[in-house]
Amino acid sequence: MLRILLTRRWVILTLVFFVLIPVMYLLGMWQFHRYQQTNVGNRLISQNLSAGPVPIGSLTRPGATVPGSERYRKVTATGHYDTAHQFVVRHRTDAAGDTIGYYVVTPLITADGDAVLVNRGWVTAGNTTGDQYPKVPGAPSGTVTVTGLLQPDETTAVSGIRDVKGLPDRQFMLINSVEQAAHQPEPVLAGYLQLVGTSPTAPAGDSAELVPLPNNSDSSSMAVVGKGVHLPYAIQWWLFALLVPIAWGALLRREVRDRERKAVVAEKKAAFLAAQQAQRAERDTPEESVGAPAGATGE
């Protein structure tokens, strides 16, 4: 067996196999850390969703940054909608995730004179070219109190959505308070509000399809990543790491058996050839003639 392991083929194969073990272990640890981080995030989302609503001004202000720990925090804001500075966000899907359309974002002007970006929900594109402003439901008039979930500003780094410039009027790729501050006459609070409800209740014709809440309570949901893909992936990588030496040993045993079988076959073949050669030599040897005994005479 040692002679087999010292061959060039098996030296390379052994190195490859045993390099895979730490690589697979580290991949499993990476997935496990993702699992732990996402579980922490899921617990934070659950806490924020279950907490009572607070005024949005207590968590954000113009020019600030909404921390990730406040994401999905329930907030309220009272004011009137400024439809003159309303805009849409392109390439967003409906609640089922099947149809691409727009988010309708309408600034809500509070009594303090600040603008709150309110994502009122999803609407269909309504045209095939995308260069036309879509038909959107009207915003409720008068003073309203909206309840929603606080969200940090969308960025390309976090969302993966490329912020395309030069789009048609009042169309954007991201909901970003810093970007909108250049288009709004009032100071814009950092982040935005994902609408959940309006008081007084808006007419059905003034309602877009609300963005769905995170499905954080469904333990079977693959969207709850800590209970979904990361932990099985970690276990999978660790099982692969355990299988590497088993596979290496199985290949080595098969190699040994193959060589032993070939040696036995070669030995039998050599014995057979030797026997055949001996038989040919025996047939080719001439028989010695038997002569009369010396000194014998005939009568």
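These are my notebook entries on a long helix, a pocket and some salt bridges in a predicted model.

**Entry 1: helix H2**
I began with helix H2, which covers residues 8-50 and has 43 residues. From its first C-alpha to its last I read 63 Å, close to the 63 Å expected at 1.5 Å a residue. Next I looked up its buried residues; among them are Trp10, Phe17, Met24, Gly28, Gln31 and Tyr35. Further along H2, the buried residues include Thr38, Asn39, Asn42 and Ile45.

**Entry 2: the largest pocket**
I then turned to the largest pocket, with a volume of about 850 Å³. Of its 30 lining residues, Arg71, Tyr72, Gln151, Glu154 and Tyr192 are the closest to its centre. Which element gives the largest share of the lining? I found H2 again, with four residues. Strands S3, S5 and S8 and helix H3 each supply at least two. By type, I noted 14 nonpolar, 10 polar and six charged residues in the lining.

**Entry 3: salt bridges**
My search of the whole structure gave six salt bridges. One of them joins Arg9 and Glu255, with the closest N and O atoms 3.3 Å apart. Arg9 sits in H2 and Glu255 in helix H5, so this pair ties together parts that are 246 residues apart in sequence. I checked burial too: Arg9 is exposed at 51% relative accessible area, whereas Glu255 is buried at 16%.

Glu70 and Arg73 also meet in a salt bridge, at 3.3 Å from N to O, and both are buried.

Last, I looked at Lys165 and Asp163, whose closest N and O atoms are 2.9 Å apart. Lys165 is exposed at 56%, while Asp163 is partly exposed at 23%. Together with Glu179, they are linked in a network of salt bridges.

Key. Residues numbered from 1 in each chain as written. Predicted model: local features only at pLDDT ≥ 70, side-chain atom pairs only at ≥ 80, totals over all residues. Heavy atoms only, no water. Expected span 1.5 Å × (residues − 1). Buried < 20%, exposed > 50% of the residue type's maximum accessible area, 1.4 Å probe, protein only. 1 Å grid on protein atoms, 1.4 Å probe; cavity = no way out; pocket = protein on both sides within 12 Å on 5 of 7 lines; lining within 4 Å. Points joined across faces, edges and corners; volume = space filled by probe spheres on them. Nonpolar A, V, L, I, M, F, W, Y, C, P; charged D, E, K, R; others polar. Salt bridge = Lys/Arg side-chain N within 4 Å of Asp/Glu carboxyl O.
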